[in-house]
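Take a moment with the sequence and the fold before reading on. The walk below goes from the overall order of elements down to single residues.

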Amino acid sequence: MRKIVLKLDLHDDKAKQKALKTVATLPGIDSIAMDMKTRQMIVIGPVDPVDIVSKLRKFWPTTEMLMVGPSKEPEKKEEPKKEEGKPEEGKKEEGKKEEGKAAEGKKEEGKKEEGKKEEEKKQPPDGMVELIKAYKQMQQYQQAQQMQQYQQAQQMPRYYYPAHTTSMEENPNACVIL
């Protein structure tokens, strides 16, 4: 998945709708968003950015590609805040924490065992697993075949033959005035 950010020179909602419709005709687009304040269009999907820009430049020649990147932003990890207390209270809390950790460890073990039992219940029978794997492989094969057909169609040259013309000698009804 790609996130493509484009800059368009749009002034009204009518042009915005036309731009959205133009981009929506391309295959492989998951979502399209338009920010009229910054005049930016955000397109998400496994589509070629060059195709989008070339399609938009037919109507808006000043279309610019600002960014192409992954669709999901990396998650930021926040560090937990540490609270500082009085030293005497800290010693008492440490003893309580150790007791609490032992009790939590027992609870976690019980949860793990319950989780394993639930996972065993969720798993389908052995014959069904094989069918699911075979079905997924079949889907992947069909998608690969469709992609090959699409790529072959894109690579095939298009020949344009001129209209068939006949000469005066081939047509007995032809008349030539000199």
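What follows moves from the chain as a whole to its strands, a helix, the core and a few residues.

This is a predicted model. The chain holds 4 helices and 4 strands. Read from the N terminus, the elements follow the order β-α-β-β-α-β-α-α. The chain has 178 residues, and buried residues make up 14% of them. Take the contacts between residues at least 6 apart in sequence: 65% of these join residues at least 24 apart.

Start with the strands. Strand β2 covers residues 31–35 and strand β3 covers residues 40–45. The two run antiparallel, joined by 5 bridges. One pair to find is Ser 31, which stands opposite Ile 44 in β3. Together β2 and β3 form a hairpin, with 4 residues between them. Arg 39 sits in that turn. Its phi is positive, about 60°, although Arg 39 is not a glycine. How accessible is Arg 39? It is partly exposed, with a relative accessible area of 31%.

β3 also pairs with β1, again in the antiparallel sense, over 6 bridges. Here Val 5 stands opposite Ile 42 in β3. β1 in turn is joined to β4 by 6 bridges, and these two strands run antiparallel. The bridge partner of Val 5 in β4 is Met 67. Val 5 thus has a partner in β3 and another in β4. A general point helps when viewing side chains here. In a regular strand they alternate between the two faces of the sheet.

Now turn to α1. The helix has 12 residues and reaches 16 Å from its first C-alpha to its last. That is close to the 16 Å expected at 1.5 Å a residue. Which residues of α1 are buried? They are Ala 15, Ala 19, Leu 20, Thr 22 and Val 23. These residues lie on the same side of α1, because they cover an arc of only 160° around the axis. The general rule behind such patterns is simple. An α-helix has 3.6 residues a turn, so residues three or four places apart point the same way. On the other side of α1, Asp 13, Lys 14 and Lys 21 are exposed. What do the buried residues of α1 pack against? They meet β2, β3 and α2.

Next comes the core. The largest nonpolar core has 18 residues. Within it, Met 41, Val 43, Ile 52 and Leu 56 touch the most other members. Four elements each give two or more residues to this core: β1 (2–7), α1 (13–24), β3 and α2 (49–57). The largest share, 4 residues, comes from α1. There is a general tendency to set beside this. In soluble globular proteins, nonpolar side chains tend to be buried together.

Leu 56 is a good residue to centre the view on. It is found in helix α2. Its relative accessible area is 0%, so Leu 56 counts as buried. Set aside neighbours up to four places away in sequence. Leu 56 then touches Leu 6, Leu 8, Ala 19, Thr 22, Val 23, Met 41 and Thr 63. Lys 18 is 38 residues from Leu 56 along the chain, yet their C-alpha atoms are separated by 9.8 Å.

Two threonines on that contact list deserve a look: Thr 22 and Thr 63. Thr 22 lies in helix α1. With a relative accessible area of 8%, Thr 22 is buried. Where does its side chain find a polar partner? A polar atom of the Thr 22 side chain lies 2.6 Å from the backbone oxygen of Lys 18. Beyond its neighbours within four places in sequence, Thr 22 is in contact with Lys 55, Leu 56 and Phe 59.

Thr 63 sits elsewhere, in the loop between α2 and β4 (64–70). Is Thr 63 buried or exposed? Its relative accessibility is 1%, and the cut-off for buried is under 20%, so Thr 63 counts as buried. The side chain of Thr 63 reaches the backbone oxygen of Trp 60 at 2.7 Å. Apart from residues up to four places away in sequence, Thr 63 touches Lys 7, Leu 8, Leu 56 and Arg 57.

Terms used. Residues are numbered from 1 along each chain as its sequence is written. This is a predicted model: local features need pLDDT of at least 70, side-chain atom pairs count only at pLDDT 80 or more; totals for chains, interfaces and linings use all residues. Side-chain values use heavy atoms; hydrogens and water are left out. Two strands pair if DSSP finds at least two bridges between them. A nonpolar core is a set of buried Ala, Val, Leu, Ile, Met, Phe, Trp, Tyr and Cys residues joined through side-chain atoms within 4.5 Å. Buried means under 20% relative accessible area, exposed over 50%, partly exposed in between (1.4 Å probe, protein chains only). Contact means heavy atoms within 4.5 Å. A polar contact is a pair of N or O atoms within 3.5 Å; within protein, one must be able to donate a hydrogen and the other to accept it, and residues adjacent in sequence count only if both atoms are side-chain atoms. The expected span of a helix is 1.5 Å times one less than its number of residues. The arc is that of the directions from the helix axis to the C-beta atoms.
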